[in-house]
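Q: Please give a close account of one residue where two chains meet, and then follow the structure outward from it. How is this residue placed, and what lies around it?

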Amino acid sequence: MSKIDAMKKKLGLKKKAKMALAPKRLAKKSSGTGTTKPVKQADKAILRSAQESKGAKPLDGTKGLPVSGSYRNDLERVLDDKNQANKNEPKLSRDTLLEMYRNMVLTRLYDERGMMLQRQGRIGFYVPSFGQEAIQTGTAAALAKSDWIFPSYREPGVFLYRGADVYHMLCNLWGNSADVCKGRQMPVHYSFKELRLFSVSSPISTQVIQATGASLASVLKGEKDIAITYFGDGGTSENDFHTGLTFAGAMKTPTVFICTNNQTAISVPSHKQCGAKRLADKAIGYGMPGIAVDGNDILAVYNATKEAVDRARRGDGPTMIECVTYRVGPHSSSDDPTRYRHEETYEFWKKRDPIIRFREYLIGKKFWSVKEDEALTEDLKAKLADAVERAEAQPPPGIEDVFNDVYAELTPQLLRQREAMLEEQRLRGEFENTSVAFPL
Amino acid sequence: MPNMTLLQAVRDGLMTEMALDKRIVLMGEDVGHNGGVFRATEGLQKEFGEERVMDTPLAESGIIGLAVGMALNGLRPVPEIQFMDFIFPAFDQIVSEVAKIRYRSGGEFTCPMVIRTPYGGGIKGGHYHSQSAETYFTNTPGLKVVIPSNPYDTKGLLIASLRDEDPVLFMEPKRLYRSLKGEVPDGPYTVEIGKANVVRQGTDVTLIAWGAMVQVALKAAELCEPRGASCEVVDLRTLVPLDEETILESVKKTGRVVIVQEAPKTCGFASEVSALIAEEAILYLEAPITRVTGFDTPFPYTLEHVYLPDPERVALAVGKVKNF
């Protein structure tokens, strides 16, 4: 039985008007018999986020830096300045912690490799996520395997943690015949349906409202899966951020909104992006908790996400989490951040590298050693090199593939256009590739 | 066979298919409790519950974006855009997302949905309740664009759209919602997407139209008969994919063609049909291809009867090509 058939059967068993719609489900809970506690918790969380961001002070070391607007003491943290955990340390096993660490290192190495391949002219474009590894891994680690993920284009670590094959991700960078997307998109626009990792789009924040819709569908089908979606500080200015949170708040959908506030939308700093002191405060207006965390503290990111995921899964609605970090690399392989970045701010964040902070925590707990770290890096580098070699060897898609997957079946128009193109090829020989390098 | 208005045929099509396919969820502004501002979804929430006929917040891009997520996760959403004039906030979701998801994911993800929207003038709606905006979407690969012209086709094309694996923009000619009645069979049936219909046979001139303009073309054909011109009328029914064969067959028979569209002239869909005929059948033509269209102006309020193609304007064009 196919998944759809199974679902149809499941839905068919229920009589009309029996599927549990979220607002009803929640309305029942808040009306009082027995299970009012979760709703109260959600309200409390809203209050907490509102109170804490009021009157918060810049954190040590940020005085005089433009970042102080975001990096304040209302951020939730687990790792202190010595990278030791405070009382909020999550109860994660050594294996899980090491898996998370491994994923952060792999993400960094993958990004370095992607940039290098672009600089060598072997791929056309790359978008690195340097400095944002804690957010990607910390959020992904808090999810169940069947939860839906609606990423932006700067989340390779989320794909890797969910289990996307590095080889297939690399094939996407070449857009070759082994690329899942068949070379239809620019590099880093991955898509892995089996892993419930939704196809990445370039227009900003379009995925935010889609995540709300996917999580609503889970509720309507009586499933427990939630949806998580990622966007940047610039993304919160977009229409689809607003609709995504408006609909989620009104319908109390099981959605988790992750704002990676890396303080820059290409070159525009976040204080020019929005008048709000704290982007997480926007959540209050949509009727959901807005939590702000230190985005370079993977354990704080994990805690906040876990709390939001649990809230969503038990039917208490959506959460927005603002993860404050800094993009220490370029926007993309075509960007030169030295044209616009504030050097002292850059230096400040460089020192707060999330991988170093987590490694020091793990070493402090005697879970990890410098020796093991070197071995891990060597091992991951070798695996990456092998995957690069295999991916680069794949041929491009056949030219007739340009017409496939526009519709379920080729329309008469597409059939005729394909025929004409093949005829053109017979007359002129191979099509000459005259594209120039991507300029942005 | 029951006699129904076009509006009742919409409702009947939705109700018939919703009973068969539990994945279908209707959604939009006022579609639930109120049954839609035109009453196209009247009583459906009572019949199927709030879970399958949902009132949404007032944001068109949100309605379509929400539908994308629902479709990806196995449902078959039917978002309604209350008037086509309000579809533009959702343009990005439709054009950048709905239309491209199958292609950009290498065929892995699909988002089949039927975007229903009333369109067109003749109801004193001014420029924000009257536009015929099909061309913005016919230039977007990945979407199908379906426009019925009568109650029978409305139900059949709507059910076909609900069963289609690709997203369909389903444009409903609102000036015909209550003014046009016809026989509509009980129960489910489909009218094939991508097939035009010759709704009147003729020998001298081919009139090509879609949606509300089909009635205008038919009335023009009646005016022309006593004036000595026998008109054939082709109802396109689907703009994408276009039934080129039926168009070309008729044009090759008559050698003269008038294309009638409500939308402004420049780059309207009539231009596409005109180019097709010029490319494929120019040697069969006895007269220039002629377009009768709305003007290249915003849609006017008081003077909409001057703006809109009517039977007399079409008949004048027929006279010109007949006597060329």
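**A glycine at the chain contact**

A: Leaving out residues up to four places away in sequence, Gly69(B) touches Gln210(A), Ala211(A), Thr212(A), Gly213(A), Ala214(A), Leu216(A) and Ala217(A); contact here requires C-beta atoms, placed from the backbone, within 7 Å of each other. The model is predicted, with local features requiring pLDDT of at least 70 and side-chain atom pairs pLDDT 80 or more, whereas totals for chains, interfaces and linings use all residues. Residues are numbered from 1 along each chain as its sequence is written, while chains are lettered from A and ligands numbered from 1 in the order in which they are written.

Gly69(B) belongs to helix α3 of chain B; helices (H or I, at least four residues) and strands (E, at least two) are DSSP runs numbered from the N terminus. With 33 other C-beta atoms within 10 Å, Gly69(B) is buried, a class that needs 20 or more such atoms, against 12 or fewer for exposed and values in between for partly exposed. Within its own chain, Lys144(B) is separated from Gly69(B) by 75 residues in sequence and by 19 Å in space, C-alpha to C-alpha.

The wider contact between the chains draws 43 residues from chain B and 48 residues from chain A. On the chain B side, α2 (44-48), α3 (60-72), α4 (91-98) and α5 (101-104) each contribute at least two residues. Helix α3(B) gives the largest share of that side, nine residues. By class, the side of chain B that touches chain A holds 16 nonpolar, 14 polar and 13 charged residues; nonpolar means Ala, Val, Leu, Ile, Met, Phe, Trp, Tyr, Cys or Pro, charged means Asp, Glu, Lys or Arg, and the others, Gly among them, are polar.

In chain A, helix α8 (residues 206-220) lies across β1, β2 and β3 (255-261) of that chain.

Beyond the contact lies the nonpolar core. The largest such core counts 197 residues, and those with the most contacts inside it are Ile321(A), Leu207(B), Ala217(B), Val258(B), Val260(B), Val314(B) and Val318(B); a core joins buried Ala, Val, Leu, Ile, Met, Phe, Trp, Tyr and Cys residues through C-beta atoms within 7 Å. Helix α11 (residues 298-313) of chain A supplies the largest share of this core, nine residues. Val258(B), apart from its neighbours within four places in sequence, is in contact with Val205(B), Leu207(B), Thr290(B), Val292(B), Val314(B), Ala317(B), Val318(B) and Val321(B).

Helix α11(A) also packs against α5(A): Ala134(A), Ile135(A), Thr137(A), Gly138(A) and Thr139(A) in α5(A) meet Ile298(A), Val301(A), Tyr302(A) and Thr305(A) in α11(A). This contact comprises five nonpolar, four polar and no charged residues.

Another helix of chain A completes the account. Helix α7(A), residues 166-174, is largely enclosed by the rest of the structure, because seven of its nine residues are buried. The buried residues are Val166(A), Met169(A), Leu170(A), Cys171(A), Asn172(A), Leu173(A) and Trp174(A). Their cover includes α4 (94-119), α6 (156-162) and α14 (370-392) of chain A. After α7(A) comes Gly175(A), with a positive phi near 60°.

Conventions
Two residues are in contact if their C-beta atoms, placed from the backbone, lie within 7 Å. Axes are lines fitted to C-alpha atoms, for helices over the stretch in contact, and angles run from 0 to 180 degrees between N-to-C directions.
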